[in-house]
Amino acid sequence: MAVTQPFPRIDGELWAAESRVADLVAEFGSPLYVYDAGVIEAAYRRIESAFAGADILLAYSVKANSNLEILKRLRALGAGADIVSQGELHRCLAAGFSPSDVVFAGVGKTEVEMEAALEVGILAFNVESAEELQALGRVAERLGRPAPVALRVNPDIVADTPHEYTRTGDGASKFGIPVDRILDLYRWAADQPSLEVRGIDVHIGSQILDPEPYTRALAQVLDLAAEVRAEGIDLDFVDLGGGFGVGYEGEDGLSVEGLAAIVVPRVAETGLRLILEPGRFIVGQAGILVTKVLYVKHSGSKTFVVTDGGMTELIRPSHYQGFHRIEPVISREEAVREVVDVVGPICETGDFLARDRVLQMPAQGDLLAVQTAGAYGFVMASNYNSRRRPAEVVVNGTEVTLARRRETLDDLLRGEIP
Ligand code: LLP
């Protein structure tokens, strides 16, 4: 398969497919999110071909990047969707997804959200508690339309993710249903005319680089699936969730081929359909956040590079101590390298993009590219400090599409009652 190199550097200058990143900023302003659709497609195809031996639905995890232009492109590739809110459902429908390829996760679905998803006919609700199951049954009865369900298992597995906030499979997390409650709940669900048991689900965390915890989670859910089926309860699918890690520091991401080699034969022998919910793996490497250097300031023993983008554009460094490579858009080889903090303009000490980072010393007006920002970047952006959220641009070969315009001052006041 042709490997699409994300954001290549040619003669010292960063490109996004066939466009100079500096030209994109000249046209659309800074800070700016830039996504390369070719890189998204390559990542999607890589998972698709690794798992080709299974009957698979790739349900893209919309929370990673929910821009409509990206959703439309993923839909065109044949993706389904993993959603966690009515808002994400709304986006998926607007992007042309077929509801029958949509699974709905989340510990706090409201009855209004359940109703909306039932009405359009989604593939399944991944249910996370007994009370939620009962509520879904009530909603389905009211609507006269049985609700398709899978139970999300909490396998009590601690996956080695870079931050505790992105682990979801351990017994102490709010997600999923404890293993010892699963069988009883399937029995109960199977007895309800308003519920249709469809599958079994697990998701152990996010940014996982090692296939090993998936192997353990799979073994658990397949054992449970066998027990459920032994009760005469039919299952169509096993959903293994997402969490496939990418290389933020230039290392390899999760070997999806290695994972598939373990998962595909085991799932195939059960005859179950396999659902995967990757988000970050598909869009992470395909995006950069470009930000302009406003000032360089020296304070005490430190050097601060103050940029026009910060935690309001990309919260991962401050919220998860997430590491993102930062590079000059136009490299100055002659520049000295220094240890700096790259900080945003927001009035918080926790507002930084990098700390104690060796960087080619930039000058006022230089552009920096924050790498691997395609996932959990713009979607977690905020208007804190009454900042306007940035524009998003999608490049595809020579094509450049403004996928979201920069917010205006009036956008900031929208919805408020003067
Ligand atoms: N499925 C479920 C049920 C999930 O909760 C998630 C992510 C995914 C799939 C997709 O995970 P992915 O393949 O993208 O790793 N904001 C954090 C990540 C939060 C992930 C939440 N759930 C970050 O920036 O690292």
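Here is a friendly exchange about a predicted model, covering its domains, its cores, its ligand site and a few single residues.

Reader: Hello! To get oriented, how far apart are the centres of domain 1 and domain 2?
Author: Glad to help. The domain assignment gives domain 1 as 9-35 + 284-413 and domain 2 as 105-278. Between them, 10 residues of domain 1 are in contact with 9 residues of domain 2. Taken over C-alpha atoms, the separation of the two centres is 36 Å.

Reader: Where does the largest nonpolar core lie with respect to the domains?
Author: This core has 104 residues, and Phe 51 and Phe 125 are those with the most contacts inside it. Helix α8 (residues 212-230) supplies its largest share, 8 residues. Domain 1 and domain 2 both give residues to this core, so its place is between them.

Reader: Which residues does Phe 51 touch, leaving out those up to four places away in sequence?
Author: Phe 51 is one of the two residues with the most contacts inside the largest core. With residues up to four places away in sequence set aside, its partners are Ile 56, Val 256, Leu 259, Ala 260, Val 263, Val 264, Leu 274 and Leu 276.

Reader: And how many residues make up the other core, which lies apart from it?
Author: Among the members of this other core are Phe 7, Ala 17, Val 25 and Leu 32. It lies apart from the largest core, and its count is 19 residues.

Reader: On to the ligand: which side chain has a polar atom 2.4 Å from an oxygen atom of the ligand?
Author: The ligand is surrounded by 19 residues, and the closest are Ser 206, Glu 277, Arg 316, Tyr 320 and Tyr 376. In the side chain of Arg 316, an N or O atom is 2.6 Å from a ligand oxygen. For His 203, a side-chain N or O atom is 3.5 Å from a nitrogen atom of the ligand. The side chain with the 2.4 Å distance belongs to Ser 206.

Reader: Is Ser 61 buried or exposed?
Author: Ser 61 is found in strand β5 (residues 56-61). Leaving out residues up to four places away in sequence, Ser 61 touches Asp 82, Glu 277, Pro 278 and Gly 279. Its relative accessible area is 3%, and the cut-off for burial is under 20%. Ser 61 is therefore buried.

Reader: What about Leu 93: what is its relative accessible area?
Author: Leu 93 lies in helix α4 (residues 86-94). Beyond its neighbours within four places in sequence, Leu 93 is in contact with Pro 99 and Val 120. Its C-alpha atom is 9.9 Å from that of Lys 72, which is 21 residues apart from it along the chain. Leu 93 counts as partly exposed because its relative accessible area is 36%.

Reader: Which residue just after helix α3 takes a positive phi?
Author: Helix α3 covers residues 68-76, with Glu 69, Ile 70, Leu 71 and Leu 74 buried. At its start, a side-chain oxygen of Asn 67 comes within 2.8 Å of the backbone nitrogen of Glu 69. Just after the helix, the residue with a positive phi, about 105°, is Gly 78.

Reader: One last thing for my setup: how many disulfides does a search of the whole structure find?
Author: A disulfide is a covalent bond that joins the sulfur atoms of two cysteines. Cys 92 counts as buried, at 1% relative accessibility, whereas Cys 347 counts as exposed, at 65%. For the whole structure, the number of disulfides found is 0.

Technical notes: Residues are numbered from 1 along each chain as its sequence is written. This is a predicted model: local features need pLDDT of at least 70, side-chain atom pairs count only at pLDDT 80 or more; totals for chains, interfaces and linings use all residues. Side-chain values use heavy atoms; hydrogens and water are left out. A nonpolar core is a set of buried Ala, Val, Leu, Ile, Met, Phe, Trp, Tyr and Cys residues joined through side-chain atoms within 4.5 Å. Buried means under 20% relative accessible area, exposed over 50%, partly exposed in between (1.4 Å probe, protein chains only). Helices (H or I, at least four residues) and strands (E, at least two) are DSSP runs, numbered from the N terminus. Domain bounds come from an automatic or database domain assignment. Contact means heavy atoms within 4.5 Å. A disulfide is a pair of cysteine sulfur atoms within 2.5 Å. A residue is near a molecule or strand if one of its heavy atoms lies within 4 Å of it. A polar contact is a pair of N or O atoms within 3.5 Å; within protein, one must be able to donate a hydrogen and the other to accept it, and residues adjacent in sequence count only if both atoms are side-chain atoms.
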